[in-house]
Amino acid sequence: MPYRMSSLILVMTITAIWLIFANSALLAAEAEEPVSLEPIVVTATRTEESPEKIASSVTVITAEEIEKSRYITAKETLRRVPGLALSSQGGLGRTSSVFIRGARSEDTLVMIDGTEINDPINPGRFFNFADLTTNNIQQIEVVRGPQSPLYGSDAMGGVINIITKRGQGPPEFSLFAEGGSHATFREILESSGAAGPWDYSFSAGRIDSDGIGSDDDYDNTSLSGRMGFQLSEQALLEFFFRALDAETHLDDWDFMANESVNDPNFVQDTDFQLYQGRYTQEISDLWESILRVGYFDNDRQHHDRPDEDEDVPGYFSEGDYEGTIFDVDWQHNLYANERNTLTFGIEYETESGESEYRDYFTPDPSRFPEESVHTWGYYVQNQFELTDRLYLTAGIRLDDHQEFGSEETYKLGAAYHIPQTKTRIKGTLGTGFKAPTLYQLYTPPILDYNFLGGNPDLDPEESESYDIGIEQILWHGRVWLSAVYFNNEYDDYITYTSEPDPDNPDVFVSFYDNLSGAESKGWELEIRYDPTESVSFYGTYTYTDTENDETGGDLLRIPEDMVSIIMDYTYGKKLVLTMGLYYVSDRLDIGNEETDDYTRADFAATYTLSDSLQLHGRIENLFDQEYEESVGYDAPGFSAFGGVKVTF
């Protein structure tokens, strides 16, 4: 408790100093017209929409905010999102997952430009954020709450959509180089532009690092691109791709000490590829058609060769896990009038996966032969503007799964404006579901361990959720306040369980079944304060109360309290300073262990010497805070980086 209080006092003190500085800047500045606070949002409704008309809770992280922070990976930029908790197993390249409003990591659907990238062969089907860099990202949209009525399975907690930059203006090239702590070096080559009917953006990046401990080397090569061709005024053809090849040195786990231990020979390789084609056609002034075809492949390999320090002579392990997703989505938007947009579509998705594993104790390979499952989805959504004040959204979806059959989900949303007081009241009510994973359905039995294997009779997991919030604009648009209460109930969680064998009561057999559930509820508070064009302040506080129906305890890796504070200062359009403060309370982890609460501070500075030359520096964990986001895995301490960007 004393440490928690000191962490909170540190956050409050630095924030108070910044606010005093901001108010001083305001008094010294001439009156300025407030600027727009939010960009256009696509993910929440599948159509381009202003945030003021959206009932769902949405956070947009723009390219400008990503550039200011100078973070290497996309997951670091997510720290600012209310209701979202991060958990990483150490430094660069280590397994990293997100938890939205108390939902498990596998209950968040992650997409790049609308194509799903959750790992099909992962037992829970969650996406590992460890290797996804910030290269060539236009914005990241995080929609909290169940989104199954628009996106189907895996969206019970919310959706994260990473949107690639679209080229515009004359062709431009840039070279970026950075170096710093832990012998970390990063190089990026980028180019974007438009000429006639063509537009493009391209990025190639490389990361090399020694990591935060011995034998923790990491390297990552990534490519990203978007190309568009305007066939006519009404037709646009686009192609997207993103690929990465990463190698991470991992640690073994000491079950007796409940901590990670160094292993110089334990290496994981990740090969990630995504391709998408999209054709947008304005059939008439009232009808728009969008046909999207996406393919995602994720191949993970790990190998641990024997070394002299192994406890078991000749110990080794190796595994290969490959999963793919192919999906086709045909969406139609009908604009009956300025106040009514009807969106409907059909989606087909097939996912497949296979794996092979062996180690010292099981020299014969344990195989998961290739299995696949397909789903058809049919969705309808209507957005109404009943008046200039009231915006309503209603959506419903039917998913037809190869194994368990059909699942229906719905969502209702409303946003009401009171212009006299600049107040907005909003709320949503909806359901979500998660289909059983390939592993849960089809994994082969291991009779030596009395494991019966996958269960094709599993039902989908389900959720019922609602949220209600209020937003207030003050001081001529310079202050924006938001408070949202959320409540989620999850049922039919698929659980690994055991019970006596009917033919032999003295023997217990293990299998998957729909047994447990959970509940999460809490508050998300936000404030944005822009006293001048040069100074900005953004703060969030999240309170989350969770309960596991089976144990009565908290859900794993969900902190009760989270605080994030982002403070920006721009001087003369040359110097940009950014500080991020993040407080996370203690939380329950695997093995009924708890991680301590911590406060982390990050600082970044960018100085533009000319239109073609830019310098920057970044400090992560400014106060060298010792902490863990996952039990047994130390987070990086004080780290400093510096670099240069040349544009031509």
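Lys and Arg count here as positive and Asp and Glu as negative, with His and the chain ends left out, and each charge is placed at NZ of Lys, CZ of Arg, CG of Asp or CD of Glu. On that footing, the protein chain carries 43 positive and 117 negative charges, and their mean positions lie 10 Å apart. The model is a predicted one, so to speak of local features takes a pLDDT of at least 70 and side-chain atom pairs count only at pLDDT 80 or more, while totals for chains, interfaces and linings use all residues. Residues are numbered from 1 along each chain as its sequence is written, and side-chain values use heavy atoms, leaving out hydrogens and water.

As for overall build, the protein chain has five helices and 35 strands (DSSP runs numbered from the N terminus, H or I of at least four residues for helices and E of at least two for strands). Its radius of gyration is 25 Å, which agrees with the value near 26 Å for a compact globule of 648 residues; the radius is taken over C-alpha atoms, and the globule rule is 2.2 Å times the number of residues to the power 0.38. The C-alpha atoms fill a box of roughly 80 × 55 × 55 Å along the principal axes. Of the 648 residues, 55% count as buried (under 20% relative accessible area, with exposed over 50% and partly exposed in between, using a 1.4 Å probe and protein chains only).

Now for the inside. Nonpolar side chains tend to be buried together in soluble globular proteins. The largest nonpolar core (buried Ala, Val, Leu, Ile, Met, Phe, Trp, Tyr and Cys joined through side-chain atoms within 4.5 Å) has 29 residues, and Leu78, Leu84, Ile140 and Ile160 touch the most other members. Strand β6 (137–144) is among the elements that give two or more residues to this core, and β6 gives the most, with three. Leaving aside neighbours within four places in sequence, Leu78 is in contact (heavy atoms within 4.5 Å) with Ile61, Leu84, Val98, Phe129, Ile140, Val142 and Ile160.

A few single residues round out the picture. Gly228 sits in strand β11 (residues 218–230) and counts as buried at 1% relative accessibility. Its C-alpha atom is 5.1 Å from that of Asp199, 29 residues away along the chain. Asp154, in the loop between α4 and β7, has a positive phi of about 75° without being a glycine, and is buried at 1%. Ala183, in the loop between β8 and β9, also has a positive phi, near 50°, but is partly exposed at 33%.
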